[in-house]
Amino acid sequence: RLSPLHFLKQVQPMRVTFCTGLALGSVLRGSNEVVDQGNVTAQQFAFLRSSSNATGGPPDCGDKYDKLPDFTKEYGATLANTVCTHPGYKSACQVFDDTLQCWFRKMVTGHCDDLPSMFKKRNKDLVKSCNDPDTDHLDIWMNHFTEAEKSYWRNNFKAQAEESKLFDTMNKLIPKQLLCSTLHIVDDKCVKYDAVRTQEAR
């Protein structure tokens, strides 16, 4: 079976037309694989969202920014720029920025279930993997998530993605960026800073 990644690369590397989006939707319905998404149009987003297996309903975004510490909103504004470094994903990240911020607020509201920061141990390798176009979401999941973080993800994000079409569709289109954001938030102490902290690997 042709994966969404190879399908899009064969059709057109940097631009996905609406017709391609329709074909992609049919592929997505039976696949959990990552999509190499160049530019996501509003029509494509709507179609992909409608093809989601989630039952619908808005996700739980936790507290609004005016109920969270002042610097929290500043931190949230740096997430997409930090994890969406590949040009082919910038448009998709823009489409899902509000949804990514929703997940961020949910994490912060629940204090990430008190998961410990792993910043000193993994940040350099995490930044390298997240910026590497040859590294996919499964690499991030297998090589950077602890067992406690995997459990947290399943109980919080995945549980919501089964109900929320927004979360489900975001998870299909930008899974690597979503996982990288999650680990950055945990490592930044969920959160105690006004921007994502990164250390470049040497």
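## An all-helix chain, read from the atoms

P58 is found in the loop between α3 (42-50) and α4. Helices here (H or I, at least four residues) and strands (E, at least two) are DSSP runs, numbered from the N terminus. At 75% relative accessibility, P58 counts as exposed; that term means over 50% relative accessible area, while buried means under 20% and partly exposed lies in between (1.4 Å probe, protein chains only). The C-alpha atoms of P58 and L166 are 7.5 Å apart in space, with their places 108 residues apart in sequence.

This is a predicted model: local features need pLDDT of at least 70, side-chain atom pairs count only at pLDDT 80 or more, and totals for chains, interfaces and linings use all residues. Residues are numbered from 1 along each chain as its sequence is written, and side-chain values use heavy atoms, with hydrogens and water left out.

**Overall build**

The chain has 11 helices and 0 strands. It holds 202 residues, of which 50% count as buried. Contact means heavy atoms within 4.5 Å. Among contacts between residues at least 6 apart in sequence, 80% join residues at least 24 apart.

**The core**

A nonpolar core is a set of buried Ala, Val, Leu, Ile, Met, Phe, Trp, Tyr and Cys residues joined through side-chain atoms within 4.5 Å. The largest one has 40 residues. Which of them touch the most other members? They are W103, F104, W153, F157, M170 and I185. Eight elements each supply at least two residues of this core: α4 (70-83), α5 (90-95), α6, α7 (119-131), α8 (137-144), α9, α10 (165-173) and α11.

W103 has a long list of partners. Leaving aside neighbours within four places in sequence, W103 is in contact with Y152, W153, N156, F157, F167, L178 and T182.

**Two helix pairs**

Axes are lines fitted to C-alpha atoms, for helices over the stretch in contact, and angles run from 0 to 180 degrees between N-to-C directions. Angles under 35 degrees count as roughly parallel, over 145 as roughly antiparallel, 65 to 115 as roughly perpendicular and the rest as oblique.

Helix α6 (residues 97-109) packs with helix α11 (residues 175-187) at an angle of about 30°, their axes 11 Å apart. The two are therefore roughly parallel to each other. Their crossing is right-handed: a crossing is left-handed if the near helix is turned anticlockwise from the far one by less than a right angle, and right-handed if clockwise. From α6 come L100, W103, F104 and M107; they meet L178, S181, T182, I185 and V186 in α11. By class, this contact has 7 nonpolar, 2 polar and no charged residues. Ala, Val, Leu, Ile, Met, Phe, Trp, Tyr, Cys and Pro count as nonpolar, Asp, Glu, Lys and Arg as charged, and the others, Gly among them, as polar.

The second pair is α9 with α10. Their angle is about 110° and their axes are 6 Å apart. That makes α9 roughly perpendicular to α10. On the α9 side the contact is made by W153, F157, K158, Q160 and A161; on the α10 side, by F167, D168, M170 and N171. These residues divide into 5 nonpolar, 2 polar and 2 charged.

Q160 deserves a separate look. It sits in helix α9 (residues 147-161). Is Q160 buried or exposed? Q160 is buried, because its relative accessible area is 14%. Beyond neighbours within four places in sequence, Q160 is in contact with P59, D60, K106 and F167.

**Backbone and surface points**

A cis peptide bond joins C190 and V191, with omega about -20°. V191 is found in the segment after α11. Two residues other than glycine have a positive phi:

| Residue | Phi | Place | Relative accessibility |
|---|---|---|---|
| H111 | about 55° | loop between α6 and α7 | 52%, exposed |
| K189 | near 65° | segment after α11 | 45%, partly exposed |

A77 lies in helix α4. At 51% relative accessibility, A77 counts as exposed. The C-alpha atoms of A77 and D194 are separated by 9.2 Å, although the two residues are 117 apart along the chain.
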